[in-house]
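Please look over the model shown here with attention to its charged pairs, its helices and its surface. The report that follows takes these topics in turn.

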Amino acid sequence: MYLPISFAELNMKLAHKRDAAINEKFNFKVNCFEAHDKSMNGNSLRDEEPIISQLTLDEIFNGCKEFSGIIPFVREFVKNYFKPDETDKSFSSNIEKIDIYLELISLRAAGKIPTAAHYIRDFVTSHKDYKKDSIVSDSINYDLNKLVENITNYKESEIKDFFGEKISTYLLNNNYSS
């Protein structure tokens with residue numbers, strides 16, 4: 001998935017902007033899977049010219065008209081290359097876990113669940129003690145730490161806001177809670 005360093009540097013500058021994960025378009029090599037297909041068939045990749053497009057993270061991960069998406073590619077790969085083994089009792093739970101990870105990435109890229117930075121920023125700016133002065137007081141800091149502790153310990157109300165319904169249900173149903 002070669003991307004010229006100048007494009008990677010531009011992407012890094014964009015990534016530092018607030019809510020870049022849902023608002024910015026990043027330089028991305030949209031013909032990366034063509035190169036993968038050619039290499040799998042024994043063809044040389046040396047003359048492969050990158051086709052660079054500006055895409056949102058949603059388009060990169062979930063797909064769009066220009067690019068089929070990383071997550072659909074990974075799902076297809078898992079489906080085709082990981083076959084159930086009758087001796088492996090954990091196979092289906094491992095596949096389900098992979099699917100949950102992909103769902104997390106997909107929902108975050110689409111802006112359907114918040115990034116950690118967005119979630120924390122919303123918590124601080126909506127806190128009763130926040131004075132809109134960019135200062136995180138001791139009481140806000142304490143409450144934020146308690147919130148993070150609750151998420152870490154999979155407390156139901158907090159993880160639903162942070163992970164969304166499907167992922168939090170999976171976490172609670174699979175004994176991730178304390």
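## A salt bridge within helix α9

Lys160 is partly exposed, with a relative accessible area of 28%, and its side chain meets that of Glu156 in a salt bridge with an N to O distance of 3.2 Å. Glu156 also counts as partly exposed, at 46% relative accessibility. Because Glu156 and Lys160 are 4 residues apart in helix α9, which covers residues 156-163, about one helical turn separates them. The model is a predicted one, and the distances and areas in this report should be read with that in mind.

## Salt bridges between helices α10 and α6

Across the structure there are 10 salt bridges, and a network of them links Arg75, Asp99, Glu103 and Lys166. Within this network, Lys166 forms a salt bridge with Asp99, where the closest N and O atoms are 3.9 Å apart. Since Lys166 lies in helix α10 (residues 165-173) and Asp99 in helix α6 (residues 91-110), this pair ties together parts that are 67 residues apart in sequence.

Lys166 meets Glu103 in a salt bridge as well, at 3.8 Å from N to O, and this pair again links distant parts of the chain, with Lys166 in helix α10 and Glu103 in helix α6, 63 residues apart. The three residues do not share one degree of exposure: Lys166 is partly exposed with a relative accessible area of 44%, Asp99 is partly exposed at 29%, whereas Glu103, at 16%, falls under the 20% cut-off and is therefore buried.

## Helix α5 and its buried face

Helix α5 comprises the 12 residues 70-81, which at 1.5 Å a residue should span 16 Å, and the distance of 16 Å between its end C-alpha atoms agrees with that expectation. Ile70, Ile71 and Val78 are buried in α5. Viewed down the axis of α5, its buried residues fall within an arc of 95°, so they line one face of the helix.

Tyr81, by contrast, is placed in helix α5 but counts as exposed, because its relative accessibility of 53% is over the 50% cut-off. Together with Phe77 and Phe82, Tyr81 makes a nonpolar surface patch of about 330 Å².

## Cysteines

A search of the whole structure finds 0 disulfides. As for individual cysteines, Cys32 counts as buried at 5% relative accessibility, while Cys64 counts as partly exposed at 27%.

Note on methods
Residues are numbered from 1 along each chain as its sequence is written. This is a predicted model: local features need pLDDT of at least 70, side-chain atom pairs count only at pLDDT 80 or more; totals for chains, interfaces and linings use all residues. Side-chain values use heavy atoms; hydrogens and water are left out. Helices (H or I, at least four residues) and strands (E, at least two) are DSSP runs, numbered from the N terminus. The expected span of a helix is 1.5 Å times one less than its number of residues. Buried means under 20% relative accessible area, exposed over 50%, partly exposed in between (1.4 Å probe, protein chains only). The arc is that of the directions from the helix axis to the C-beta atoms. A disulfide is a pair of cysteine sulfur atoms within 2.5 Å. Patches are made of residues with over 30% relative accessible area and no salt bridge: like charges are joined within 9 Å, nonpolar side chains (Val, Leu, Ile, Met, Phe, Trp, Tyr) within 5 Å. Accessible areas come from the Shrake-Rupley method with a 1.4 Å probe; for residues, only the protein chains shown count as cover. A salt bridge is a side-chain nitrogen of Lys or Arg within 4 Å of a carboxyl oxygen of Asp or Glu.
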